Amino acid sequence: MKFPCRVTVLTVVLTGLLVPVTTSTSAAAAADGGAAAAGGTQLWAARYTPPGPDDPGRAAHAIAVSQDGSRVFVTGAQTVGYAAATGTRLWASSVGSAGQGVGSKVAVSPDGTRVFVTGTVSGPGGASQYITTAYNAATGRRLWQSVYGPATGASSPAAIGVSPDGSTVFVTGASAPVTGEPTARRYATVAYNTATGAQRWAVRCCTGGVGQAESLAVSPDGSRIYVTGFTVTPSPPPGTYTTIAYNAATGAQVWARRYDEGGQDASARAVAVSPDGSRVYVTGEGLGGPSGTDDTTVAYSAAAGTQLWVAHFGNGPGGDGASAMAISRTGTELYITGSDRTASGQGGYRTVAYRASDGQQLWASLYQGPAGSAGPPSSLARSEERRVGKECRSR
């Protein structure tokens with residue numbers, strides 16, 4: 001008997017503040033015995049209003065999907081689980097005890113059984129601290145909660161990731177101050193045991209200036225994590241991309257690399273690792289590129305942090321630089337997205353594809369929003385081609 005193929009069309013999907021984007025999967029109907037939805041057709045819409053006063057800080061901040069595609073998780077003032085097929089709300093849970101805390105990032109364990117949320121909570125003396133919470137993905141039951149940050153100053157997480165074996169969850173952001181340091185913020189990265197919430201290690205970087213970690217990525221084999229963001233040192237004043245490789249088991253620094261735009265400010269926003277773990281890519285905003293303000297993307301060797309190439313894409317007089325990145329399944333292409341605003345302030349999403357081996361630009365596409373609109377895209381994902389059936393076994 002011949003079995004028809006089921007194919008997920010290769011697309012790049014992005015979303016952000018400019019317009020909401022609804023995604024769906026198109027498939028050959030015969031594989032499931034039903035009609036396939038047209039590309040981009042809205043499958044469902046779900047609304048949830050968390051308890052408490054109505055203010056912008058209680059909005060949703062991040063979304064994640066389980067690897068089997070069965071559940072969707074959204075976090076903000078509360079964390080909410082939905083059935084991906086129908087949009088039915090499965091559960092809702094507060095981030096901190098007594099409803100305190102706001103979730104900013106969410107991740108799902110590889111086996112889909114746990115959801116991890118990190119955000120901020122007010123600590124002793126009014127200081128803000130990281131608060132990281134684990135939930136049962138099916139029921140929303142809170143499993144553990146861990147707090148990081150000094151009792152004074154401000155700590156705010158920016159990214160979260162889970163090891164491929166599901167044993168460790170990593171959180172990074174910025175934190176200040178601690179004893180012996182000035183009031184400047186530092187990169188602060190923490191690793192937790194996913195079963196218990198016990199802190200495995202915590203490291204801070206970098207001395208002599210201000211630091212803000214923005215993104216983290218875990219290597220495919222789980223041996224390293226890579227953190228990027230920007231640091232500003234007293235001399236020279238401009239900000240630089242600062243990317244650090246850590247031993248995932250111990251938190252020991254493996255290498256650290258800085259990149260600046262010829263004495264001009266540069267601020268990294270996203271980091272990603274190639275599927276084979278051999279390369280690390282960083283993107284963000286540079287002020288000293290060929291077009292002035294532009295996207296600046298840097299490739300490093302994962303082993304030693306050697307710089308392999310740098311690519312620029314000018315994004316106009318009002319551009320804000322790249323904000324998100326994705327890599328193709330094969331690791332041959334790299335996709336960067338960011339905002340592209342005209343001098344009048346009209347907003348748009350601009351997405352660029354590069355050849356991952358050497359940074360050669362492959363294509364660029366612009367989505368222009370309504371007049372007067374603005375706001376950068378916040379997330380980017382690339383679909384994966386999947387073929388199911390005896391006639392199509394490759395993946």
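I'll start with a single residue: threonine 240 lies in strand β16. Keep in mind that this is a predicted model. Is threonine 240 buried or exposed? Its relative accessible area is 8%, and the cut-off for buried is under 20%, so threonine 240 counts as buried. Setting aside neighbours within four places in sequence, threonine 240 is in contact with Gly229, Phe230 and Thr231, with Arg258, Tyr259 and Asp260, and with Ala266.

Now the whole protein. There are 26 strands and 1 helix. Of the 395 residues, 47% are buried. Take the contacts with a separation of 6 or more: 50% of them come from residues 24 or more positions apart. The exposed area is about 17600 Å², and carbon and sulfur atoms supply 51% of that.

Next, the core. In soluble globular proteins, nonpolar side chains tend to be buried together. Here the largest nonpolar core has 16 residues. Which of them have the most contacts inside it? They are Phe170, Ile225, Val227 and Tyr246. Five elements are listed as giving two or more residues to this core: β12 at 186-193, β13 at 199-205, β14 at 210-218, β15 at 224-232 and β16 at 239-247. Strand β16 is also where threonine 240 lies.

Valine 227 is worth a look by itself. Leaving out neighbours within four places in sequence, valine 227 is in contact with Thr172, Tyr187, Thr189, Ala213, Ser215, Leu216, Thr242, Thr243, Ile244 and Tyr246. Tyr246 in that list is one of the residues with the most contacts inside the core.

On to strand pairing. Strands of a sheet pair through backbone hydrogen bonds, either parallel or antiparallel. I'll go through this along the chain.

The first case is an open sheet of 4 strands, ordered β2-β3-β4-β5, with antiparallel pairing. Which strands are at its edges? Those are β2, residues 62-65, and β5, residues 89-94, each pairing on one side only. Neighbouring strands in this sheet are turned against each other by 15° on average, direction ignored. Within the sheet, β4, residues 78-83, pairs with β5 in the antiparallel sense over 5 bridges. Glycine 81 stands opposite tryptophan 91 in β5.

The next case is β6, β7 and β8. Strand β6, residues 102-108, and strand β7, residues 114-122, are antiparallel and share 6 bridges. One of the positions to check is lysine 105, whose bridge partner in β7 is threonine 118. β6 and β7 form a hairpin with 5 residues between them, and glycine 112 in the turn has a positive phi of about 75°. Strand β7 is then joined to β8, residues 128-136, by 9 bridges, again running antiparallel. There, valine 121 stands opposite glutamine 129 in β8.

Further along the chain is an open sheet of 4 strands in the order β22-β23-β24-β25, with antiparallel pairing. β22, residues 321-327, and β25, residues 361-368, stand at the edges with a single partner strand each, so one side of each has no neighbour in the sheet. The twist from one strand to the next averages 20°. Strand β24, residues 348-355, runs antiparallel to β25 and is joined to it by 7 bridges. The bridge partner of tyrosine 349 in β25 is tyrosine 367.

Last, the aromatics. How many aromatic pairs does a search of the whole structure find? It finds 14. I'll show two.

In the pair of tryptophan 44 and tyrosine 82, the ring centres are 6.2 Å apart and the planes are at 35°, so the pair is tilted. Tryptophan 44 lies in the loop between α1 and β2, and tyrosine 82 in strand β4, so the pair ties together parts 38 residues apart in sequence. Tryptophan 44 is partly exposed, at 26% relative accessible area, whereas tyrosine 82 is buried, at 8%.

The other pair is tyrosine 281 with tryptophan 309: centres 6.1 Å apart, planes at 45°, so this pair is tilted too. It links strand β19, residues 279-289, to strand β21, residues 307-314, with the two residues 28 apart in the chain. Both tyrosine 281 and tryptophan 309 are buried.

There is also an aromatic cluster made up of Phe73, Trp91 and Tyr135. Trp91 is the β5 residue that stands opposite glycine 81.

Methods:
Residues are numbered from 1 along each chain as its sequence is written. This is a predicted model: local features need pLDDT of at least 70, side-chain atom pairs count only at pLDDT 80 or more; totals for chains, interfaces and linings use all residues. Side-chain values use heavy atoms; hydrogens and water are left out. A nonpolar core is a set of buried Ala, Val, Leu, Ile, Met, Phe, Trp, Tyr and Cys residues joined through side-chain atoms within 4.5 Å. Buried means under 20% relative accessible area, exposed over 50%, partly exposed in between (1.4 Å probe, protein chains only). Contact means heavy atoms within 4.5 Å. Two strands pair if DSSP finds at least two bridges between them. Axes are lines fitted to C-alpha atoms, for helices over the stretch in contact, and angles run from 0 to 180 degrees between N-to-C directions. Rings of Phe, Tyr and Trp (its six-membered ring) pair if their centres lie within 6.5 Å; planes under 30 degrees apart count as stacked, over 60 as edge-to-face and the rest as tilted. Accessible areas come from the Shrake-Rupley method with a 1.4 Å probe; for residues, only the protein chains shown count as cover.
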